[in-house]
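Subject: Structure handover

Hello,

Here is the structure I promised to pass on. Please open it first, then read my notes below.

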Amino acid sequence: MSCDSPLIIALDHPSLDAALCLADRLDPKRCRVKVGKELFTRSGPDVLEALHGRGFEVFLDLKFHDIPNTVAGAVQAAAEQGVWMVNVHASGGRRMMEAARERLDRHGLETHLIAVTVLTSLEEADLAEVGVAGTAETQVERLAQLAQDSGMDGVVCSAQEAARLRELCGERFLKVTPGIRPTFAAADDQWRIMTPQAARASGSTHLVVGRPVTRAKDPMAALAAIEQELAA
Ligand code: C5P
């Protein structure tokens with residue numbers, strides 16, 4: 001089933017049962033879902049099968065980072081399980097990203113392949129400590145351009161970075177942005193937040209939303225409220 005919503009709901013649940021319980025309250029025609037490291041490490045490919053069986057398109061957010069051959073194999077494995085999107089770390093370098101791209105192309109796999117630039121948890125002092133001189137902003141721009149040159153379909157970025165990356169990489173380059181908070185929701189532990197509407201206006205192509213939907217009493221009502229904000 002294909003979905004044309006920009007919304008991706010983060011299923012940051014510790015178990016398969018909990019994730020499916022939430023998924024069963026969502027409509028696969030109106031959102032996609034994201035499976036991250038904890039859920040996948042606990043439940044394995046079963047979670048993908050269960051979500052696909054319910055009609056969801058899945059973003060498998062495992063942020064692969066390894067030697068080119070290993071990452072290419074991991075990306076192929078994800079794509080063969082039918083995921084809609086998978087990601088790697090751009091800091092793994094050009095050869096790693098090109099190997100992943102080439103592997104998908106060679107096998108005719110149409111999974112979207114995107115890259116993480118700089119984790120938003122890293123501040124400039126953290127970057128300096130791992131040998132990255134200059135600002136996080138400059139590093140994000142450098143890695144986004146490298147990702148595009150290496151055949152990635154887009155990047156994960158903050159909504160604050162999306163406008164600049166639209167200038168640098170164009171409209172069609174995907175900009176998948178977390179840190180989204182609808183006007184009705186609390187900020188939780190996110191600090192640089194943006195509303196869905198502002199994020200779309202800034203050039204985000206896909207919005208990753210977690211707790212405002214997953215912790216809502218009525219998740220589908222929360223999703224509908226976000227759709228209304230987007231349409232307003
Ligand atoms: O609950 P919340 O909407 O904050 O969840 C956001 C999701 O996006 C989580 O899965 C989180 O791990 C992910 N994420 C993020 N910030 C990043 C990268 C990913 O919040 N820079």
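A residue counts as buried under 20% relative accessible area and as exposed over 50%, with partly exposed in between. By that rule Asp-188, at 41% relative accessibility, is partly exposed. Keep in mind that this is a predicted model.

**Salt bridges**

Asp-188 has a charged partner. Its side chain meets that of Arg-181 in a salt bridge, at 3.0 Å from N to O. Is Arg-181 buried or exposed? Arg-181 is buried, because its relative accessibility is 5%. The pair does not stand alone: salt bridges with shared partners link Arg-181, Asp-188, Asp-189 and Arg-211 into one network.

How many salt bridges are there in the whole structure? The search finds 18. Two others are worth a look.

Start with Asp-61 and Lys-34. Their closest N and O atoms are 2.7 Å apart. Asp-61 belongs to strand 3 (residues 58–64) and Lys-34 to strand 2 (residues 32–35), so this salt bridge ties together parts that are 27 residues apart in sequence. Both ends are buried: Asp-61 has 8% relative accessibility, and Lys-34 has 10%.

Now take Glu-38 and Arg-42. This salt bridge has its closest N and O atoms 3.2 Å apart. Both residues sit in helix 2 (residues 37–43). They are four residues apart, about one turn of the helix. Glu-38 is partly exposed, at 43% relative accessibility. Arg-42 reaches 58% and therefore counts as exposed.

**Nonpolar cores**

Next, the nonpolar side. The largest nonpolar core has 63 residues. Which residues have the most contacts inside it? They are Leu-51, Val-75, Val-88 and Met-97. Helix 7 (residues 136–149) gives this core its largest share, five residues.

Leu-51 makes a good starting point for a tour. Set aside its neighbours within four places in sequence. Leu-51 is then in contact with Leu-11, Leu-20, Ala-23, Val-33, Val-35, Phe-56 and Val-58.

Another core lies apart from the largest one. This other core has 11 residues, including Ile-8, Ala-10, Ile-114 and Val-176.

**Where to look first**

- The network of Arg-181, Asp-188, Asp-189 and Arg-211, joined by salt bridges that share partners.
- The salt bridge between Asp-61 in strand 3 and Lys-34 in strand 2.
- Leu-51, among the residues with the most contacts inside the largest nonpolar core.

Best wishes

How values were computed:
Residues numbered from 1 in each chain as written. Predicted model: local features only at pLDDT ≥ 70, side-chain atom pairs only at ≥ 80, totals over all residues. Heavy atoms only, no water. Salt bridge = Lys/Arg side-chain N within 4 Å of Asp/Glu carboxyl O. Helix = DSSP H or I, 4+ residues; strand = E, 2+ residues; numbered from the N terminus. Buried < 20%, exposed > 50% of the residue type's maximum accessible area, 1.4 Å probe, protein only. Core = buried A, V, L, I, M, F, W, Y, C linked by side-chain atoms within 4.5 Å. Contact = heavy atoms within 4.5 Å.
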